[in-house]
Amino acid sequence: MTFVAWDNALLVHVDPFDEHHKHLIQLINETHEKFQNKELGSELGKLFEELIAYTSYHLAAEEEWLEQQQYPDLEAHRTEHAYFLRRIEELHREFLAGDVFLGLEVITFMKSWIINHIAKTDAEYGQFASANNR
Ligand SMILES: [Fe+2]
């Protein structure tokens, strides 16, 4: 069973962010699959790094776009992003320090944060974009 299933209700209808979100969910699923298969070594570590790098790229791209659009809730949005990045970097450091059980904790945390963030906070800029024909 897929760990995180894509749901079209998550579409924000802003290019290229729907594609970014799908890719992030795919990376989370791949990470989860590796974890399930007990690939706890460097393979999983590499995927975590890829996840963090892609997340950081995506969040920065969103912030840049929101800034260009003079999005009114940009600061609150930035704060949510900053919290998330700080937290996954912290969890990644703990993972590297050798806590093998942390894998699932990180993946589950990422899953719930990503889904909640896309469904609520990103959905708000989706509505803003459609109301302003962006
Ligand atoms: Fe966002």
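How many residues does helix α3 (residues 74–96) have, and how far does α3 reach from its first C-alpha to its last? The legends below take that up along with the rest of this predicted model.

**View 1. Helix α3, end to end.** Helix α3 has 23 residues and reaches 33 Å from first C-alpha to last, close to the 33 Å expected at 1.5 Å a residue. Look along α3 for its buried residues: His-77, Ile-88, Leu-91 and Phe-95. After the helix comes Gly-98, with a positive phi near 115°.

**View 2. The whole chain, for orientation.** Before zooming in further, here's the layout: the protein chain has four helices and zero strands, running α-α-α-α from the N terminus on. Its radius of gyration is 15 Å, close to the 14 Å that the globule rule gives for 134 residues, so the chain is as compact as a globular protein of that length. Along the principal axes, the C-alpha atoms fill a box of roughly 45 × 30 × 20 Å. Buried residues make up 23% of the 134. Take the contacts between residues at least 6 apart in sequence, and 66% of them join residues at least 24 apart.

**View 3. Helix α2 against helix α3.** Two packed helices are described by the angle between their axes and the distance between the axes. Here the axes of α2 (residues 42–68) and α3 come within 11 Å and cross at roughly 170°. An angle over 145 degrees counts as roughly antiparallel, so that is how α2 sits relative to α3. On the α2 side, the contact includes Gly-45, Phe-48, Ile-52, Leu-59 and Leu-66. From α3, the residues taking part include Leu-74, His-77, Leu-85, Ile-88 and Phe-95. Sort the contact residues by type and you get nine nonpolar, six polar and four charged. Two names from View 1 are worth finding again: Ile-88 and Phe-95 are buried, and both belong to this contact.

**View 4. Helix α1 and its buried residues.** Helix α1 (residues 17–36) has 20 residues and reaches 28 Å between its first and last C-alpha atoms, close to the 28 Å expected at 1.5 Å a residue. Its buried residues are Phe-17, His-20, His-21, Ile-25, Leu-27, Ile-28, Thr-31, His-32 and Lys-34. Just past the end of α1, Lys-38 takes a positive phi of about 60°.

**View 5. The segment before α1.** Most residues other than glycine have a negative phi, and most peptide bonds are trans. Keep that in mind for this stretch. The peptide bond from Asp-15 to Pro-16 is cis, with omega near 0°, and Pro-16 lies in the segment before α1. His-13 belongs to that segment as well, and its phi is positive, near 60°, although it isn't a glycine. His-13 is exposed, because 12 other C-beta atoms lie within 10 Å.

**View 6. Gln-70 in the loop between α2 and α3.** Gln-70 is found in the loop that links α2 and α3. Its phi is positive, about 50°, although Gln-70 is not a glycine. Is Gln-70 buried or exposed? With 8 C-beta neighbours inside 10 Å, Gln-70 counts as exposed.

**View 7. Lys-120 on helix α4.** Lys-120 is found in α4 (residues 102–131). It has 10 C-beta neighbours inside 10 Å, so Lys-120 counts as exposed. For a sense of scale, pick out Tyr-54: the C-alpha atoms of Lys-120 and Tyr-54 are separated by 21 Å, with their positions 66 residues apart along the chain.

Key
Residues numbered from 1 in each chain as written. Predicted model: local features only at pLDDT ≥ 70, side-chain atom pairs only at ≥ 80, totals over all residues. Rg over C-alpha atoms; globule rule 2.2 N^0.38 Å. Buried ≥ 20, exposed ≤ 12 C-beta atoms within 10 Å, placed from the backbone. Contact = placed C-beta atoms within 7 Å. Expected span 1.5 Å × (residues − 1). Axes fitted to C-alpha atoms, helices over the stretch in contact; angles between N-to-C directions. Parallel < 35°, antiparallel > 145°, perpendicular 65-115°, else oblique. Nonpolar A, V, L, I, M, F, W, Y, C, P; charged D, E, K, R; others polar.
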